[in-house]
Amino acid sequence: MALPRPACAAWHDRGVPRGRQSAEPLWRAIAVFRFAGLGYAVLLTAVINRGAYARLDWAWAVIAVMAAWTVATTMAYARPERRTRLLLSTDLAVTAGLLLSTAALQYPAAMRHGVMPVTGIWVAGPVLAWAVRYGRRAGAITALILSGCDFLLRSEAITVVLNGVVLLLLAGVVVGHLARLAAEVETERQHAVEVEAASRERERLARDIHDSVLQVLAMVQRRGAEAGGAAAELGRLAGQQEAALRSLVASVPVGGGPAASPSGDVDLRALVLPIQSDQVTVSAPAQSVRLEKEAAGELTAAIRAALDNVRRHCGERTRAWVLVEDEPGLVTVTVRDDGPGIEEGRLAEAAAAGRLGVSHSICGRLRDLGGGATIRSVPGEGTEVELYLPRGPAVPVARAPGPG
């Protein structure tokens, strides 16, 4: 049955990476700042610093270029796919060139006294753009580049230059930090939306399955028990499948399997809990047990192989227990049964005879992943298979939420 895609996938369909759409208000704010900075530059040139220019006509030419570039960058930055390193580097180069043009426009005395360059505060535009697009470090580097250009202009007014450096650095670092926080919050929000959508879809499927398949299985189990004989065995099997299906609906996310995180790890519980049935009890931690996806799949296959051995050699009525333990650096799964146990030397004989269920399906899988298996059995007291798998360095141990 095809499942509907969550609505939160729409941003991916539009080509905007998850978390990136949270920066859109910041890009609009940058556009507003540039136009405001342009207006302030016009005020400086026309009124405040009018007497500081040796070539006022060329100063107005620079203002015209600034206006054209402000419009161009506003239109370019409006589309996320255009916010490339090339465009941002061009923006930085144009802004630095316009800033340095002040040396040919103002009187030397004006620059020595720290008169504001023709660009005014407009030069902070590229700093903000780099900070929003690439983070705090990029914003700080861009601020230092423009501050170096300002120092070339007004090296004799070192106090004024230092003030500009501090302001540009603060702008780059603070805005870059805010952009990163906004992206993280948006990612968490999108994840919450996905979880909610998956939960609602699972509830809908659970209702449909409960009203159809589970009801039929329950009826087969009840009628089989009433009829007795071969029908009773059929009813018992139907009951097992009903319990397994209920567990599957309750634990597996929509989409056919456990949801992988951006780093590629999955929750082992979503793979192991569906194994539970009338004869198999599964115990797992309340919090997620994160493992790399391939490793989790192989560990689950080894668990199923161990349970298959229980059914094959001990009978369908043998009880089994699966315990999942999540420890720092290690995930351990114990499979225990109440069967007759394994006679001493029986496993070695089976491997020598070419029956490789335990040595390959269980031990071999874990050995290939850097883990292993320990089998303990006492005749008449059942068998215990302990599977252990080291956790990859990139997969953290999930902790239950605590106070504070």
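Colleague: What makes the five strands S2-S4-S5-S7-S6 an open sheet with edges?

Modeller: In this predicted model, 5 strands stand in the order S2-S4-S5-S7-S6, with mixed pairing. Strands are DSSP runs of E with at least two residues, helices are runs of H or I with at least four, and both are numbered from the N terminus. Two strands pair if DSSP finds at least two bridges between them. Strand S2 (280–283) and strand S6 (372–377) each have a single partner strand, so one side of each is left without a neighbour in the sheet. Neighbouring strands of this sheet are turned by 15° against each other on average, direction ignored.

Colleague: How do you know that strand S5 and strand S7 pair?

Modeller: Strand S5 (residues 330–337) and strand S7 (residues 383–390) are joined by 7 bridges and run antiparallel. One bridge partner in S7 is Leu389, which faces Val331 in that pairing. Helix H12 (residues 293–314) lies across S2, strand S4 (320–327), S5 and S7, at about 10° to S5.

Colleague: Why is helix H2 called roughly antiparallel to helix H3?

Modeller: Helix H2 (residues 24–48) and helix H3 (residues 56–77) pack at an angle of about 170°, with axes 10 Å apart. Axes are lines fitted to C-alpha atoms, for helices over the stretch in contact, and angles run from 0 to 180 degrees between N-to-C directions. Angles under 35 degrees count as roughly parallel, over 145 as roughly antiparallel, 65 to 115 as roughly perpendicular and the rest as oblique. The angle therefore makes H2 roughly antiparallel to H3.

Colleague: What makes up the contact of H2 with H3?

Modeller: Contact means heavy atoms within 4.5 Å. Residues making it include Trp27, Phe35 and Leu38 of H2, and Trp60, Ile63 and Tyr77 of H3. The contact divides into 16 nonpolar, 4 polar and 1 charged. Here Ala, Val, Leu, Ile, Met, Phe, Trp, Tyr, Cys and Pro count as nonpolar, Asp, Glu, Lys and Arg as charged, and the others, Gly among them, as polar.

Colleague: Why is Gln215 called partly exposed?

Modeller: Gln215, in helix H9 (residues 213–227), has a relative accessible area of 41%. Buried means under 20%, exposed over 50%, and partly exposed in between (1.4 Å probe, protein chains only). Gln215 is therefore partly exposed. Buried residues make up 39% of the 404 residues in the protein.

Colleague: What conventions apply to the numbering and the values?

Modeller: Residues are numbered from 1 along each chain as its sequence is written, and side-chain values use heavy atoms, leaving out hydrogens and water. Local features need pLDDT of at least 70 and side-chain atom pairs count only at pLDDT 80 or more, whereas totals for chains, interfaces and linings use all residues.
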